[in-house]
Amino acid sequence: MRQDVLKVTGAAMVAGAVHFSYGKELYDWKCGPQYRWTTDVDINWKEKWKDCEIRPSQQSSEAAARVNDAELEIIFKGLAKNWQEATGSYSLNMRRYAHPTYQVLMAALGKENVRDIVPLILRELQERPDVWFEALKVLTKANPAQDCKAFDEAVAVWVRWWEQEKNNY
Amino acid sequence: MLPIHLEKGFPKLRLDGAKKTSEASIKYNCIAWSATRTKKNWFEPKPTAAWEIWPNGIPDDYSLDSFILIFEKRGYKRCTEKDTSFEFFYKKVAIYAAFGIYGQPQWEFTHVSDQLHSGAWTSKLGKDIDIQHNTPHSLAGDVGDEYGTIFKILKRRCWPWELLARVFFKIKSHF
């Protein structure tokens with residue numbers, strides 16, 4: 001049983017790298033200065049994570065400039081795969097959203113890079129349908145699919161909406 | 001045959017003779033499956049999409065009691081013993097829970113499976129496939145992706161047509 005508690009073993013950097021352990025797994029994730037770690041994700045299950053400790057480090061962002069779009073895609077795909085494998089058998093979406101990897105995707109990787117991350121999420125959504133809608137809502141602060149009655153319809157609406165709105169991000 | 005990732009995540013399933021009974025679907029979860037046999041809705045206490053629903057009158061606080069209440073409202077009674085054996089006149093469900101998975105010192109709901117009229121059990125594994133397994137214990141544990149412990153067994157009297165189904169399986173088992 002994986003324990004859904006995020007433990008920061010190293011220092012979380014405002015820009016540079018985030019190191020944290022999750023159960024037996026150790027994450028070592030680098031990002032650019034534009035991919036700032038923020039903890040102000042407005043989600044109603046955040047309360048469950050109040051014990052998480054994520055501190056900006058004093059280190060400089062040596063790795064920052066080395067991250068480009070291709071690397072961002074690799075990081076995203078790695079995190080998405082990790083999240084899907086780790087949580088695919090979870091019975092509740094709340095538990096899946098609360099997984100540290102999903103939180104990293106929303107808070108750290110995506111929040112400051114909506115324009116780069118949303119297309120990656122939409123492509124992932126089409127190739128491997130999953131509950132990415134909450135991440136899309138948080139990142140874009142929009143919910144064009146709120147009236148959709150079916151999953152596939154919601155995917156199509158999000159793709160169409162992004163084509164029209166992407167220049168606003 | 002089970003997919004490899006499930007054999008890895010739930011190592012007891014293969015020994016339990018588990019088999020796949022449906023394709024993976026993100027449209028419904030174990031609660032929807034065991035409570036209503038629907039494949040159209042995902043039961044989530046705080047729904048965020050139209051295909052996610054939560055029964056009226058059940059608290060949406062994600063507490064373990066709320067998940068048990070769903071089944072109590074459908075006529076199930078809590079058993080004092082964790083007796084997972086087949087009782088001809090009763091249909092059973094197994095509620096799984098794990099302690100402290102959200103960082104709070106309390107039991108949290110993780111899964112539900114229910115007993116078929118043949119005596120086997122059926123489970124929808126998250127957004128993955130449905131499986132049929134011989135005992136509910138094969139999904140319990142804490143080695144891989146298992147759902148923790150069988151926290152509570154609930155049972156209700158079978159409806160007449162359910163008894164007929166059980167008679168059928170009883171006769172079939174003799175041949």
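**A predicted two-chain model: the sheet of chain B and its surroundings**

Chain B has a mean pLDDT of 95, and 100% of its residues reach 70 or more. The structure is a predicted model, and it scores ipTM 0.92 and pTM 0.79. With that in mind, the two chains can be taken in turn, beginning with chain A.

Six helices and three strands make up the secondary structure of chain A. Followed along the sequence, these elements of chain A give the pattern β-β-β-α-α-α-α-α-α. Of the 169 residues in chain A, 34% are buried. Among contacts in chain A with a separation of 6 or more, 62% are between residues 24 or more positions apart.

The two chains meet through 25 residues of chain A, which are in contact with 27 residues of chain B. On the chain A side, the elements that give two or more residues to this meeting are helix 2 (93–97), helix 5 (133–140) and helix 6 (151–165). Sorted by class, the side of chain A that touches chain B holds 13 nonpolar, six polar and six charged residues.

Turning to chain B, a good feature to look for is an open sheet of seven strands, with antiparallel pairing and the order 1-8-7-6-5-9-4. Strand 1 (19–20) and strand 4 (77–78) of chain B stand at the edges of this sheet; each has a single partner strand, so one side of each is left without a neighbour in the sheet.

Strand 5 of chain B makes a helpful place to pause. In the strand order, strand 5 of chain B sits between strand 6 and strand 9. On one side, seven bridges join strand 5 (residues 90–99) of chain B to strand 6 (residues 107–115) of chain B, and the two run antiparallel. Two positions help to trace this pairing by eye: B:Ala94 stands opposite B:Ser113 in strand 6 of chain B, and B:Phe99 faces B:Trp107 in strand 6 of chain B. On the other side, eight bridges join strand 5 of chain B to strand 9 of chain B, again in an antiparallel arrangement. Here B:Tyr90 stands opposite B:Arg157 in strand 9 of chain B.

How much of strand 5 of chain B is buried? Eight of its ten residues are, so strand 5 of chain B is largely enclosed by the rest of the structure. Helix 3 (residues 64–72) of chain B lies across strand 5, strand 6 and strand 9 (149–157) of chain B, and runs at about 20 degrees to strand 6 of chain B.

Helix 4 of chain B has quite another setting. None of the 14 residues of helix 4 of chain B is buried, so this helix lies largely in the open. Its length can also be checked: at 1.5 Å a residue, the 14 residues of helix 4 (residues 160–173) of chain B should span 20 Å, and the end C-alpha atoms are 20 Å apart, which agrees.

A last stop is B:Ile53, which lies in strand 3 (residues 52–53) of chain B. B:Ile53 has 16 C-beta neighbours inside 10 Å, and therefore counts as partly exposed; a buried residue would need 20 or more. Leaving aside residues up to four places away in sequence, B:Ile53 touches B:Asn41, B:Phe43 and B:Pro47. For orientation relative to strand 5, B:Ile53 and B:Ala94 are 41 residues apart along the chain, and their C-alpha atoms are separated by 21 Å.

Notes
Residues numbered from 1 in each chain as written. Chains lettered and ligands numbered in written order. Predicted model: local features only at pLDDT ≥ 70, side-chain atom pairs only at ≥ 80, totals over all residues. Pairing = 2+ DSSP bridges. Helix = DSSP H or I, 4+ residues; strand = E, 2+ residues; numbered from the N terminus. Contact = placed C-beta atoms within 7 Å. Axes fitted to C-alpha atoms, helices over the stretch in contact; angles between N-to-C directions. Nonpolar A, V, L, I, M, F, W, Y, C, P; charged D, E, K, R; others polar. Buried ≥ 20, exposed ≤ 12 C-beta atoms within 10 Å, placed from the backbone. Expected span 1.5 Å × (residues − 1). pLDDT = per-residue confidence, 0-100.
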